[in-house]
Amino acid sequence: MNKWECVLCKANLDGDCYHAEPIAKGLCCKRCHAIFIMAKTDKEILKAVREQSKIYQQTKDKNELPDGEYFFAFSQEQLDKGLAKMRQTTQAEVFNLGMGGMIGTKKASEELNKFFAEKENLIRQTCSPFGVFYYEYANHEGDYGARDSEFNDEAEQITKEYFPDFNFADPNNRKVIKAIVDDWRNRCL
Ligand SMILES: [Zn+2]
């Protein structure tokens with residue numbers, strides 16, 4: 001199927017598309033359609049966003065790292081032990097895979113990169129930037145004085161990792177983001 005870009009969240013998708021009018025010209029995705037077209041009030045917008053954040057959480061949680069020729073080492077002892085164990089099953093060269101103390105073979109590195117790419121893709125296909133932001137905002141708020149700023153930088157960064165073209169400054173998007181932030185503050189502050 002051909003990939004197309006949602007005019008609202010800028011995600012590249014191959015799923016169902018909907019008309020984005022009257023919010024924008026062109027086609028939008030199912031997630032944005034639920035938020036921008038179907039929802040009429042902040043409450044309805046938040047309901048749609050919350051459902052999408054649940055899907056994001058489930059996708060994150062159920063996709064744990066696959067088994068493979070790698071291990072984690074945070075000390076020399078862990079490194080020695082891990083290498084000794086790995087040598088029982090493979091003679092392949094091992095590397096620091098550069099993912100938080102992960103040591104493994106080239107094969108493991110390729111498998112893990114594929115795993116992360118597939119997971120990211122699944123999140124792009126099934127969630128919206130708003131669902132990701134909703135979850136990550138609640139997850140990271142309070143980390144470092146973010147209460148003084150309008151948004152939470154970390155949540156914004158994570159959202160952009162999945163949806164690099166998503167525009168936080170766009171007035172339509174901003175309205176939804178603001179509703180998410182206000183909702184969190186009303187519930188938690
Ligand atoms: Zn969209």
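# Exercises on a predicted model

Strand S5 is joined by three bridges to strand S7 (residues 102-105), and the two run antiparallel. The structure used in these exercises is a predicted model.

## Exercise 1: the sheet

Task: find the order of the strands in the open sheet and say why one side of S5 and of S6 is left without a neighbour.

Solution.

Step 1. The open sheet is made of three strands in the order S5-S7-S6, with antiparallel pairing.

Step 2. Strand S5 (70-72) and strand S6 (94-96) stand at the edges, and each has a single partner strand, so one side of each has no neighbour in the sheet.

Step 3. From one strand to the next, the twist averages 20°.

Step 4. For one position in the pairing of S5 with S7, take Phe72, which stands opposite Met102 in S7.

Step 5. Helix H4 (residues 106-126) packs on this sheet and touches S5, S6 and S7. The direction of H4 makes about 110° with that of S7.

In general, strands of a sheet pair through backbone hydrogen bonds, parallel or antiparallel.

## Exercise 2: helix H5

Task: compare the expected span of helix H5 with the distance between its end C-alpha atoms, then decide whether H5 is largely enclosed or open.

Solution.

Step 1. Helix H5 (residues 129-140) has 12 residues. The rule is 1.5 Å times one less than the number of residues.

Step 2. The expected span of H5 is therefore 16 Å, and its end C-alpha atoms are 16 Å apart, which agrees.

Step 3. A residue is buried if 20 or more other C-beta atoms lie within 10 Å of its own. In H5 the buried residues are Pro129, Phe130, Gly131, Val132, Phe133, Tyr134, Tyr135, Glu136 and Tyr137.

Step 4. Since nine of the 12 residues are buried, H5 is largely enclosed by the rest of the structure.

Step 5. The cover over these buried residues includes helix H1 (30-38), helix H2 (42-62), helix H6 (153-162) and helix H7 (171-188).

## Exercise 3: Val7, Lys10 and Pro22

Task: place Val7 in the chain, state why it counts as partly exposed, and relate it to Pro22.

Solution.

Step 1. Val7 sits in the loop between strand S1 (4-5) and strand S2 (12-13). Lys10 is also in the loop between S1 and S2.

Step 2. Val7 has 17 C-beta neighbours inside 10 Å, so it counts as partly exposed. Lys10 has 17 such neighbours and therefore counts as partly exposed.

Step 3. Lys10 is not a glycine, yet its phi is positive, near 65°.

Step 4. Beyond its neighbours within four places in sequence, Val7 is in contact with Ala20, Ala24, Lys25, Gly26, Leu27 and Cys28.

Step 5. Val7 and Pro22 are 15 residues apart in sequence, and their C-alpha atoms are 12 Å apart in space.

Step 6. Pro22 belongs to the loop between strand S3 (17-19) and strand S4 (27-29). The peptide bond from Glu21 to Pro22 is cis, with omega near 5°.

## Exercise 4: the whole chain

Task: compare the radius of gyration of the chain with that of a compact globule, and give the distance between the domain centres.

Solution.

Step 1. The chain has seven helices and seven strands.

Step 2. For 189 residues, a compact globule would have a radius of gyration near 16 Å, whereas the chain has 20 Å.

Step 3. Along the principal axes, the C-alpha atoms fill a box of roughly 60 × 45 × 25 Å.

Step 4. The domain assignment gives domain 1 (4-64 + 128-188) and domain 2 (70-115). Their C-alpha centres lie 36 Å apart.

Step 5. Of the 189 residues, 25% count as buried.

Key
Residues are numbered from 1 along each chain as its sequence is written. This is a predicted model: local features need pLDDT of at least 70, side-chain atom pairs count only at pLDDT 80 or more; totals for chains, interfaces and linings use all residues. Helices (H or I, at least four residues) and strands (E, at least two) are DSSP runs, numbered from the N terminus. Two residues are in contact if their C-beta atoms, placed from the backbone, lie within 7 Å. Domain bounds come from an automatic or database domain assignment. The radius of gyration is taken over C-alpha atoms; the globule rule is 2.2 Å times the number of residues to the power 0.38. Two strands pair if DSSP finds at least two bridges between them. Axes are lines fitted to C-alpha atoms, for helices over the stretch in contact, and angles run from 0 to 180 degrees between N-to-C directions.
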